[in-house]
Each structure stands twice: as structure tokens, then as C-alpha cells.
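I opened this entry to look up how the chains and domains touch each other, and where the nonpolar residues gather.

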Amino acid sequence: MRAVRALSAAVLLLGLVATPAAADSSPSASPSGDGDAPTTAGTSFRTATEIEQGRRATAKAAAGDYLYWSFPADAGQRPTVRATVRLPERHAAQTWQVDVYDGLRRRQACQWGAQTRTAAADASSVELACVLRTVRAWSEPWANDPLPGTYYVRLTALDLPTSDLGARVGAEIEVGSKDMGGAAAVDGSLSEPLVPGVAMASGAAKDGEDRGAVLSAIEPEDGWSSGWWSDRWVWTGIGGVLAALAGVGGYALTRGSGRPSRVPPGA
Amino acid sequence: MITRTRLAAGTCALLAALTAGLAFPSGAAAGEPTGEDAPKVDLVLDVSGSMRTRDIDGGTRMAAAKQAFNEVLDATPEEVELGIRTLGADYPGDDRERGCKDTARLYPVGPLDRTEAKTAVATLSPTGWTPIGPALLAAADDLEGGAGSKRIVLISDGEDTCAPLDPCEVAREIAAKGIGLTIDTLGLVPNAKMRQQLSCIAEATGGTYTSVEHTDELTDRVNQLVDRAADPVVTPVATEGAGSCAKAPTLESGLYTDREEFGRERWYRVDVLPGQELRASVSVGADRAVAPSYGVLLRAVTVHGREIVRGEAAGDGRTDVISTGLRYPKAERDGTDGEDGDKPAAETVCLQVTHSFAAASGVKTTPGLPLELTVDVVEGPGDADDVAAFGLGRGWWLLGVLVLVGFLAGLLWGWLSRWRFAVWRTN
């Protein structure tokens with residue numbers, strides 16, 4: 001009996017330790033060295049520069065350019081895109097906007113963050129941000145939910161006076177994401193992440209030919225999650241153990257000391 | 001990642017070249033191994049009389065351009081085939097007709113001999129008119145052939161002086177040829193009209209426009225553009241959608257381009273097997289001045305006209321493209337209704353693309369707007385039986401309910417067994 005109690009206590013303890021750890025939503029963006037962060041940006045979906053999460057990418061560009069980057073986002077992450085535009089010394093007031101598109105080139109809404117911002121005539125930079133919705137492992141085909149795969153960021157000036165057209169600007173972009181944990185774990189999964197050209201890439205691999213260029217070859221640092229693990233396993237497991245313990249407790253209450261009270265002590 | 005594939009392609013090319021070199025010492029297998037054509041860049045330099053103006057870093061515009069060209073020629077990646085074309089370099093006279101035909105190939109597009117190209121550039125001296133339109137047409141001809149990426153970099157210091165041929169429309173027509181050509185423009189010490197014209201040319205082909213006031217800016221930007229040409233990108237396949245599903249071309253997984261005129265619709269067909277998922281995305285580019293509000297609609301429709309799923313997007317304001325996409329997972333076929341043998345029949349899904357761009361007044365409506373279509377047919381997704389992963393629970397309410405239910409069950413079980421014990425004793 002003592003062994004059982006010790007074991008259950010241990011399980012309980014383990015669960016209590018594991019739950020907050022698994023449920024803990026710490027930002028996973030850990031800025032690593034700027035060693036080979038991209039210094040260019042693409043000019044269309046097709047040529048978008050691939051960046052990793054947590055890495056600061058820069059680009060020299062001209063005002064009026066449409067700058068494209070792409071990054072991978074996996075299920076359970078809530079990506080945040082932050083962009084800074086460094087404006088030239090002299091310029092008129094101008095509005096900049098950052099848009100995020102998913103692997104199907106569908107525009108993704110920002111929950112909050114200054115997606116569009118107007119820089120005053122003397123401002124030296126403008127900062128934009130977009131917090132996306134949490135990426136789900138699966139959704140119905142009729143929904144516009146963010147799914148694991150490639151995400152495109154487009155940074156551009158919305159209205160430019162002709163005098164500022166083509167002026168040199170610097171752009172910086174960084175994508176971080178918050179791990180939303182099991183609260184966002186949904187059932188189902190995609191067979192392939194929403195990476196454009198994934199069918200072509202796998203077809204080419206099958207044919208053994210090297211195409212040289214692919215639409216998007218993006219992947220998170222540690223690969224796409226298989227989607228079966230979530231802290232829901234821990235919660236449900238602990239729930240089961242607690243229920244069993246409570247059951248034992250309830251049973252013990254009805255039995256008193258373990259002897260029927262009507263039986264005399266000496267019997 | 002692109003660099004990695006490029007590296008892989010490079011290694012592959014090297015290996016293939018080595019093998020080819022061993023097998024055929026005469027070395028006939030050039031460019032063949034990767035199945036990719038070399039990217040081509042044509043630098044188009046304005047050598048009109050105005051390039052004599054001394055306003056870039058104290059020197060003439062021509063001097064700045066020459067210096068930039070020298071540095072760019074040094075930095076050009078090996079794989080890029082680079083050519084140089086001039087406009088307004090030869091005819092100094094006043095005859096408009098002759099001045100507007102004055103464009104010449106200074107260095108042909110091909111493997112680069114740096115010394116030769118530099119010598120050619122050194123001979124240039126500012127002379128004539130600014131026939132941008134004819135120069136672009138000729139540059140497009142220079143780049144003809146091959147499936148690699150093609151880029152024209154136009155460096156000019158004045159707007160086109162050869163109206164009525166609008167260089168902006170010329171650019172649009174070049175782009176509409178479907179040879180995947182991008183025109184980037186650089187304006188040296190630009191004025192307002194020139195900015196508008198050069199950025200219009202760039203926008204018409206999905207290129208970029210840059211204003212340049214200093215030599216190093218010019219060098220930087222041209223280098224960047226040449227490097228960009230060297231980045232391997234997927235070249236889309238030109239296709240032509242039909243006006244109805246019945247006549248539409250059948251597409252497989254891939255990247256396609258097409259042109260869609262204002263107020264028209266485009267249809268394509270894709271075959272999807274049971275258990276597969278169709279992913280399609282479309283973007284329609286605004287390559288000319290358009291009305292401020294616009295949208296795009298992509299519908300997946302059965303051959304009988306029933307809509308399966310749609311993707312739609314709308315927007316307003318300045319934009320390069322408007323895009324949307326859709327997913328259609330076709331359910332796995334039940335084993336029972338397989339009347340047509342073992343092989344399941346593919347369903348033909350019709351994709352309809354419409355856009356609601358409206359051309360701004362005075363803008364030509366032909367050719368149509370560029371349309372880019374990505375089609376991916378992949379294995380179908382895992383089905384979801386529940387909202388939560390595997391139907392598992394989470395949270396304090398779950399724990400509370402489980403504890404309560406467990407406790408009640410324990411109590412009940414205890415009472416039951418006491419009752420049974422009592423009954424047994426009394427009997």
C-alpha cells in the first residue's frame with residue numbers, strides 16, 4: 001500500500017512539474033548569430049527570400065519596391081512579424097504596410113500590431129508589426145485559418161509622392177513566434193505542409209532529377225512537427241491518475257477503517 | 001535554402017561536367033547537365049547628350065556610369081550571361097527619325113569576357129537622343145532564347161524623347177510575350193516625369209525602379225540586380241486558359257502564367273484522384289495604372305457546375321499583385337462503390353479565375369493582366385474527428401470533473417460493496 005501511495009505521489013508530482021513546463025508559452029525566437037542572415041529581399045512571391053524565424057534579415061531597396069520574404073511556421077506557433085524601414089534623410093510623409101500571406105497566397109489577418117503606419121516627413125524610420133493568428137495543424141478547406149507551411153511577408157510603401165519614388169531605403173525584418181502549447185492543438189493534420197511547389201519538388205525527387213530551383217524549400221530548423229504530441233496528453237493522463245486516486249479515496253471513505261463497524265473488535 | 005539547392009545544382013553540374021569531360025574530351029556537353037539555362041542580363045545604358053551633365057559626385061553622369069559598369073563587370077557571377085546595349089550613342093544630329101532608331105548592341109549577351117566588355121564601355125561618349133522604347137525592344141531580342149531568367153537593367157538620365165511610342169507600353173508588350181523577362185530601371189538624377197516613366201516601365205514587368213544620385217549607389221544597385229538574376233528561380237510555364245471549363249487546358253502540378261483581360265474569366269482543369277488534395281493559388285498582377293479597388297476570385301467547380309470551394313481576396317490602394325488560393329481535399333473513395341475496376345477514377349476539377357481590376361482611364365487594356373497560377377496535387381490530409389488533438393482534454397475543468405467523477409464512482413463502489421456484504425451476512 002505504501003508503495004502504491006509513493007508511486008501515485010510520484011506520478012502526481014511528475015505531472016505537476018510537467019504540466020506547466022509543457023504549457024509554458026515562452027517565445028521560441030532565440031536570436032542566433034547574424035552570421036548568414038539574408039541581406040536581400042525578393043520582389044515577388046516567386047523570388048521571395050527565405051528567412052528563418054528569430055533571424056534578422058536586412059535588405060537595401062528603393063522606395064516603391066515590393067519586398068518579399070518567406071518564413072516557415074509550424075502548428076501551434078503564433079508568428080509575429082516585425083519590420084523596420086529606414087527612410088532617407090529627406091522625404092515626404094509616406095505610409096508603409098506589411099502584409100502576410102500563407103502558402104496558398106491567401107492574405108492572413110493580423111490580430112494586432114501596427115500593420116500600416118505613416119511616417120512623418122522628418123521620421124528616420126518606421127516600425128511595423130503583425131501578430132498572426134495561431135497556426136493550426138488542420139482546418140476545413142473552406143476556412144482561411146493559418147496552416148503549417150510557408151508564409152510570405154510583403155513590405156511596401158502604400159502611397160508615395162513621385163518625389164520619393166526610387167529613393168534608397170533600408171528594410172529590416174524579423175519573425176519570431178510564440179508557442180501556444182496544447183491549447184491550440186487541434187485534431188487532424190495535413191499530409192504535406194502548405195509549401196508551394198511541394199508536389200513538384202517531391203515529383204522531381206521521385207524522378208531523380210535536380211531542378212535547381214524550387215518555389216519554396218522552406219522548413220523549420222528542426223523539421224515539421226509530426227503533430228501527434230501536445231500537452232493534452234499530460235493533462236488527460238494526470239486527469240486519469242487523479243480520478244483513480246479520487247476513486248480510491250471515495251471507496252476508502254465508505255469502508256471506514258476497513259472493518260465493518262458492527263463486527264466486534266474481538267471477533 | 002535556395003543557396004543550398006544552388007550548391008547542389010552546382011555540384012551536380014560540376015560532376016556532370018567532369019563525367020562529360022571524361023567521356024567526350026571534345027567537351028560538347030555545355031549547359032546541359034542541370035537542365036537549366038544560364039540567366040541572362042542585358043544592361044541598357046543611356047548615352048544621350050544629357051549624360052554629359054556634371055552632377056554625380058562632381059563628375060559627369062557618363063563617368064559615373066562607366067565607373068559603375070567597370071565594377072559591375074568585375075563582380076558579375078560566372079554563370080550570368082551579360083550583354084550591354086546602348087541607346088543614343090551614335091547619332092548626334094537633329095533628325096528625330098534617325099535619332100529615335102539609335103540603339104546599338106555594344107557587347108552581345110553571352111559568356112562574359114570582362115576585359116573586352118570594359119574596353120567597349122570605355123569607348124562610349126554621350127551623343128544623341130533617348131529612344132527608350134526601341135532600345136527595350138532590341139534588348140528583348142538580345143535576350144531571346146533559353147529558359148533561364150532574363151533581366152533588362154535600364155540606366156537612363158532622361159525620359160524617352162521618342163513619343164508616341166510609349167516605352168511603358170513597349171515594356172508591357174515585352175512582358176506579355178511570356179518569355180519571363182523583368183525590366184529594372186535606374187534613373188540618374190531624375191525629375192518627376194522621368195521617375196514616373198521609369199517606374200511605369202518597371203511596374204509593367206514586375207521590376208524595380210531606383211533613383212540614383214551617387215556612383216556607389218549605382219554600382220550597388222546594378223550589382224544587386226545582376227546577382228538577383230543569378231538566383232535560380234522556377235520559370236513558370238506559359239499556358240492559356242479557356243473561356244469555359246469544357247475547353248480548358250488540363251494542368252498538372254506546376255507553376256503557370258497566363259494573361260487575363262479585364263472583365264474576362266479564365267478556366268483550367270485539374271485531375272484529382274480520391275484521397276488527394278488539390279492546392280491552387282493564383283495571383284493577378286497590376287502591371288499598369290488600375291482603379292484603386294480590385295479583387296480576385298478563384299473557384300473550384302465540378303464539371304457539372306457545382307462550386308466546391310472558393311478563394312477570394314479584395315484590396316485597395318497601391319499593389320503589385322492580388323492573390324488568393326484554395327484547398328480541395330477529395331475524400332478517399334469508399335471500397336464499396338468501385339464499379340469501374342481497381343483504378344479509382346480521377347475527378348476533373350475546373351478552376352475559374354476572375355479578377356475585378358479596372359484599368360484607369362486612358363490606359364490600354366490589352367494585353368491582359370499577368371496571372372500566375374500554382375497547382376499542387378498532394379496526398380490528402382488526415383481527417384479530423386474532433387476539435388481537439390485526438391479528442392484529448394486539457395485544463396483545470398477537465399481535472400476537476402475527472403476527480404469528481406472518480407470520487408463519486410469510488411463512493412458508489414464502496415457503498416455497493418458494503419451493501420452486498422451486509423446482504424450476504426444477513427443471509
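**Chain contact**

I looked first at the contact between the chains, which takes 73 residues from chain A and 83 residues from chain B, two residues being in contact if their C-beta atoms, placed from the backbone, lie within 7 Å. I note that this is a predicted model, in which local features need pLDDT of at least 70 and side-chain atom pairs count only at pLDDT 80 or more, while totals for chains, interfaces and linings use all residues. Residues are numbered from 1 along each chain as its sequence is written, and chains are lettered from A and ligands numbered from 1 in the order in which they are written.

On the side of chain A that touches chain B, I found that α3(A) gives the largest share, 19 residues; helices (H or I, at least four residues) and strands (E, at least two) are DSSP runs, numbered from the N terminus.

**Domains of chain B**

I then took the domain assignment of chain B, automatic or from a database, which gives domain 1 (37–230) and domain 2 (237–333 + 344–379). Their centres, taken over C-alpha atoms, are separated by 34 Å, and their contact takes nine residues from domain 1 and 10 residues from domain 2.

On the domain 1 side of this contact, α6(B) gives the most, with five residues.

**Contacts of one residue**

Lastly I looked up B:Leu351, which, not counting residues up to four places away in sequence, touches B:Trp267, B:Tyr268, B:Val270, B:Ala280, B:Leu298 and B:Ala300.
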